[in-house]
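Trainee: Before we look, could you help me understand how the labels used for a structure follow from its values?
Mentor: Gladly, and let us take the labels one at a time, setting each value beside its definition.

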Amino acid sequence: MIKRTLYFGNPAYLHKEKLQLKVDFPSEEGKSAKTIPIEDIGILILDHPRITISQALLADLIDHNAAILSCDSRHLPAGLFMPMSANHTFTEKLRFQLESSEPLRKNLWQQTVKSKIENQAQVLKGIGKEASNMENWASKVRSGDPDNYEGRAAANYWVKLIESDFPFRRGRYEDVPNNLLNYGYAILRAIVARSLVASGMLPAVGIHHRNKYNPFCLADDIMEPYRPFVDLLVLDIVENFDTKDIEVLSPAIKRELLALPTIDVYIDDMKSPLMVGMQRTTASLMQCYEGERRKIAYPKIQIGNVKPRSV
């Protein structure tokens, strides 16, 4: 089942009523109250300083493994609130994750980098750019990526992907379309994190990323091969929207980015929405930790099959 992504960008009071999320609006808004089943919600995005949310609703959202994103004054997701655990055998599965060997983690990172570069190459080929060097690097990635092919590929990828008068710089505070990429990646990170918790893992304990200030190291690892799906979505937005809308992240553009969980992905030639595919990916990672399989189930980009479904 595809969980819903809900966005709130106006003043509202969100609370629980009979297993429903009830939305009450201020009288001056002139809007009638709305309700949504809590069990249907996957991600909740709060993007207005006058939004109030009740503790009872928060507790029930967490109980249903929903991720809650809070946006900052620039309307970019800045904080993520989610369950500490959502798996009935959490302690047992956590032991497998924490006791995983270094060779296993290096092998998993090799798979991750290889899949990411392959998907980046497909994006470049899909927009008519040369990608033979990317494909060559993907084939050469070794355990742990000691040669940093991920970094080489990224430098090559961004210059070719975003055409501008000056070489494109990817960063949180850089020029557009970085704002779109940041927004899309934040949504993707929330999808990954909630799926990792549902599969019995701690998002803070990564296979490669190590940062004592980052509680989502594993989510940042596993989202890497999925990033090109965000990139394709952003390219489509840049092509079809006015520059002013892009600069201010208009509601129309946010609607496009919020469709990310419904984008079609292919894993082992099986098509599914990204949110469902992510569940397959994190479940396969847990099986790798448990010794039941050796390969993470990552998606492969198929150009032409990445348009969002109607939501």
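Mentor: Keep in mind that this is a predicted model, and let us begin with strand β7, residues 67–71, which is joined to β8 by four bridges, the two strands running antiparallel.

Trainee: What makes β7 and β8 a pair of strands?

Mentor: Two strands pair if there are at least two bridges between them, and β7 and β8 have four bridges, so the definition is met. Among the residues involved, Ile68 has Phe81 of β8 as its bridge partner. In general, strands of a sheet pair through backbone hydrogen bonds, either parallel or antiparallel.

Trainee: Why are β1 and β8 said to stand at the edges?

Mentor: The sheet is open and has four strands in the order β1-β5-β7-β8, with mixed pairing. Since β1 (4–8) and β8 (77–81) each have a single partner strand, one side of each is left without a neighbour in the sheet. From one strand to the next, the twist averages 20°.

Trainee: Which residues are closest to the centre of the largest pocket, and which helix gives the most to its lining?

Mentor: This pocket has a volume of about 660 Å³, and of its 28 lining residues, Tyr185, Arg189, Asp220, Met223 and Arg227 are the closest to the centre. The helix that gives the most to the lining is α6, with six residues, while β8, α3 (102–126), α5 (149–161), α6 (178–198) and α8 (227–240) each supply at least two. Sorted by class, the lining holds 14 nonpolar, five polar and nine charged residues.

Trainee: How do you know that Cys217 forms no disulfide with Cys288?

Mentor: A disulfide requires a pair of cysteine sulfur atoms within 2.5 Å, whereas the sulfur of Cys217 is 19 Å from the closest cysteine sulfur, the one in Cys288, and therefore too far for a bond. The structure as a whole holds zero disulfides.

Trainee: Why is Cys217 called buried?

Mentor: The word buried applies under 20% relative accessible area, and Cys217, at 2%, therefore counts as buried. Cys71, with a relative accessible area of 14%, is buried by the same cut-off.

Trainee: Are Lys18 and Leu19, in the loop between β2 and β3, buried or exposed?

Mentor: A residue is called exposed when its relative accessible area is over 50%, so Lys18, at 77%, is exposed, and Leu19, at 57%, is exposed as well. Lys18 is found in the loop between β2 (12–17) and β3 (20–24), and Leu19 lies in that loop too.

Trainee: What makes the phi values of Lys18 and Leu19 worth a remark?

Mentor: Most residues other than glycine have a negative phi, and most peptide bonds are trans. Lys18, although not a glycine, has a positive phi of about 55°, and the phi of Leu19, likewise a residue other than glycine, is positive and near 65°.

Trainee: Which peptide bond is cis, and where is its proline found?

Mentor: The bond from Val176 to Pro177 is cis, with omega near 10°, and Pro177 is found in the loop between α5 and α6.

Trainee: Why is Ala297 called buried?

Mentor: Its relative accessible area is 6%, which is under the 20% cut-off, so Ala297 is buried. Ala297 is found in the segment after α11 (274–290), and Ala297 and Pro225, although 72 residues apart in sequence, are 11 Å apart in space, C-alpha to C-alpha.

Notes. Residues are numbered from 1 along each chain as its sequence is written. This is a predicted model: local features need pLDDT of at least 70, side-chain atom pairs count only at pLDDT 80 or more; totals for chains, interfaces and linings use all residues. Side-chain values use heavy atoms; hydrogens and water are left out. Axes are lines fitted to C-alpha atoms, for helices over the stretch in contact, and angles run from 0 to 180 degrees between N-to-C directions. On a 1 Å grid over the protein atoms alone, a cavity is a set of points where a 1.4 Å probe fits but cannot get out, and a pocket is an open set with protein on both sides within 12 Å along at least five of seven lines; lining residues have an atom within 4 Å of a point. Grid points are joined across faces, edges and corners, and a volume is the space filled by probe spheres set on the points. Ala, Val, Leu, Ile, Met, Phe, Trp, Tyr, Cys and Pro count as nonpolar, Asp, Glu, Lys and Arg as charged, and the others, Gly among them, as polar. Buried means under 20% relative accessible area, exposed over 50%, partly exposed in between (1.4 Å probe, protein chains only).
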